Amino acid sequence: MKMEILRTENLEKIYDDDGVPVHALRGINLTINRGEYLVIAGPSGSGKTTLLNLLGTLDKPTKGKIYFENKDITNKKKRELSDFRLHKFGFIFQAYNLIPVLTALENIEFTMMLLGIPEKERRRRAFNLMDELGIKELANKRPNDMSGGQQQRVAAVRAIINNPAVVLADEPTANLDSKTGDILLDMMKKMNKEKNITFIFSSHDKQVMDRAERLLILKDGLIEE
Amino acid sequence: MLLKLAWRNIWRNKRHSAIVVGSVIVGVIAVILMDGLTSGMLYQMLFNQISSSVSHIQIHKKGFNDNKVVQSFMPDYYKAEDVVKENTSVQSYSKKVVSFGLLSSASSSSGVFINGINPSGEEKVTKIKNSIVEGSYLTGNKREIVIGKDLADKLNSKLGDKVVILTNTPDGTISSDVFRIVGTYETFSSAFDKAFIYIPLENAQQMLNIGDNIHELAIITKDYGQVDKVKEQIASQLSDEYEVLSYEDMLPMLLVQIDLYKQSMFITDVIIGLALIFGIINVMLMAVFERIQEFGVLMSIGMKNSKLFLMIIIEALIIGIIGTVVGIVIGIIIEIPLSYIGIDLSLFAESLKSFGSGAIIYPVIVPENLIGVLIIIPFISIVGAIYPAYKAIKLEPVSAIRYV
């Protein structure tokens, strides 16, 4: 039985561009189920990243509602949202965005530290997952000493280390060559299958779209499924 | 891990951090040297007064300190002397006859403060013997006089010259005696040198016609910190006819002056602290603006504002602590040799002489000042980081991530 995890109702986002309203999203109604491997595709400026940011509570909609496990999270306070994201979401960014002064292992440990998990346990879990996903050898490397693909794989492990319900990946392969992109996407598919983590991608990369179990096409702020 | 992250963030931009740590170090060294120099000057002012004339404790007939009239000699100084002798905390003491008079040479005269002393006792209490610049200290012979070099110049007198002291006896008659200058001295204060003259105790008693009476017992205690306790002990053993005064009782104006200087020292420290605050705000703001995107990521992955705020504060605190500790170490390394060789402020010597501190200032390392610096400067660093940290937590994650 499919379990709903995220739902939007008439989601709208209007940006103010020097007094000119720009409609990024024009009423999105979307339901996403647990364990889905969903890709939101569309041309540049179609609203993919905006939708992803709203689903990930990084931004507030101008109109409409967002429900997480049937609870309205649209108007949660900033303080509550950081805690909510920590427990429920994992994020993968286009530019990897690892903390440059921490090693790969420490980057992965970081979100566990925010959850108050003791160091020994953090280290054990991080090593295990890195080993499982074949990046153990990167443990002591800092972002500057890793390739883009390596950084993105570390970012992916960081995103799932706390067993989030949903991982939001914004153009994760945009800066990678196709071979590295394949390795990364295979890894994420594995995590999706083995851990039943919901993956929501924003991408117009064919590699990503080809692996989608569900593909949403956004155009001018509207879904063309 | 937050500490580790903060520590590594500091060294991410070594130049920025070096500038701010360097400014803290310079500020701390400035504070330490300023405090050391001012404390040294204040201590010298106080100890010069103590070692030249005031001593730690004085015993007189009650009321003598306020009204130094010749007939106010001690009622029974043998009794007071016994009490002083029996007190084990007393290191040395000196019997004195004290009076005002007029000292005249062949060409000039000047009002003076006459001190009739027992030379061997006095040298254990005051440092006049060590201040002799020409001739000798009182040798024990009759009718010798030691005067300040400035006074000798004023009177156009030199060693071996005769001078006449004119003074009042208790019954109001004028008394005078002739003395020969055997030595001149020079102390920290020209005002002192022009006023204080030293003659043998017996000559003073004879000239003033007060028998074997004295006006003052001046005491030096073994431990400077025990002055109040010793004063209380002695006072409790003497009747109400005596007054027992500590240097604090006798130098109220100097103590007020020292207090004022301490306040002005505090204001100087505050000004240096304010300069440091703005330096830290500047560097921490730069550090925040350089990392806006990173803060966006940290907020996105669930870092609470409080932790982000704390991280920036910790960074500033580490900078403050490093700068303070290094600054204190360098400050002490600079100050230790200076505290032995002194800083010669001869350019200002005249004003310093009238000030009572002497021309060479020996900086003093005051542990309380160092502890104060160790607490206040890191605290100032925290204050300087509050605004940048506030700016950081006010960022919206989504716009921060997009920030280029």
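Me: How many positive and negative side chains does chain B have, and how far apart are the centres of the two sets?
Reply: Count each kind, then compare the centres. This is a predicted model. Chain B has 34 positive and 38 negative side chains. Their centres lie 10 Å apart.

Me: What are the matching values for the charges of chain A?
Reply: Chain A has 35 positive and 32 negative charges. Their mean positions are 5 Å apart.

Me: Is chain B compact or spread out?
Reply: Start with the elements. Chain B has 15 helices and 12 strands. Its radius of gyration is 31 Å, well over the 22 Å that the globule rule gives for 404 residues, so chain B is more spread out than a compact globule. The C-alpha trace spans about 100 × 45 × 30 Å along its principal axes.

Me: What does the globule rule say about chain A?
Reply: Again, elements come before the radius. Chain A holds 7 helices and 10 strands. Its radius of gyration is 17 Å, close to the 17 Å from the rule for 225 residues, so chain A is as compact as a globular protein of that length. Its C-alpha trace spans about 45 × 45 × 35 Å along the principal axes.

Me: What share of each chain is buried?
Reply: Buried means under 20% relative accessible area. In chain B, 52% of the 404 residues are buried. In chain A, 57% of the 225 residues are.

Me: How much surface is accessible, and what part belongs to carbon and sulfur atoms?
Reply: Take one chain at a time. Chain B has an accessible surface of about 18,200 Å², with 60% belonging to carbon and sulfur atoms. For chain A the surface is about 9,800 Å², and the carbon and sulfur part is 46%.

Me: Which residues have the most contacts inside the largest nonpolar core?
Reply: In soluble globular proteins, nonpolar side chains tend to be buried together. Here the largest nonpolar core has 84 residues. Those with the most contacts inside it are A:Leu6, A:Phe110, A:Ile200 and B:Phe295. Beyond four places in sequence, B:Phe295 touches residues including B:Val288, B:Leu308 and B:Leu395. A second, separate core has 52 residues, among them B:Val83 and B:Ile147.

Me: Is B:Lys391 buried, exposed or partly exposed?
Reply: Read the relative accessibility against the cut-offs. Partly exposed lies between 20% and 50%. B:Lys391 is at 33%, so it counts as partly exposed. B:Lys391 sits in helix α14 of chain B, residues 367-393. Leaving aside neighbours within four places in sequence, B:Lys391 contacts B:Leu285 and B:Phe289.

Technical notes:
Residues numbered from 1 in each chain as written. Chains lettered and ligands numbered in written order. Predicted model: local features only at pLDDT ≥ 70, side-chain atom pairs only at ≥ 80, totals over all residues. Heavy atoms only, no water. Helix = DSSP H or I, 4+ residues; strand = E, 2+ residues; numbered from the N terminus. Rg over C-alpha atoms; globule rule 2.2 N^0.38 Å. Buried < 20%, exposed > 50% of the residue type's maximum accessible area, 1.4 Å probe, protein only. Areas by Shrake-Rupley, 256 points an atom, 1.4 Å probe, with all protein chains shown as cover. Lys, Arg positive; Asp, Glu negative; His and termini not counted. Charge placed at Lys NZ, Arg CZ, Asp CG, Glu CD. Core = buried A, V, L, I, M, F, W, Y, C linked by side-chain atoms within 4.5 Å. Contact = heavy atoms within 4.5 Å.
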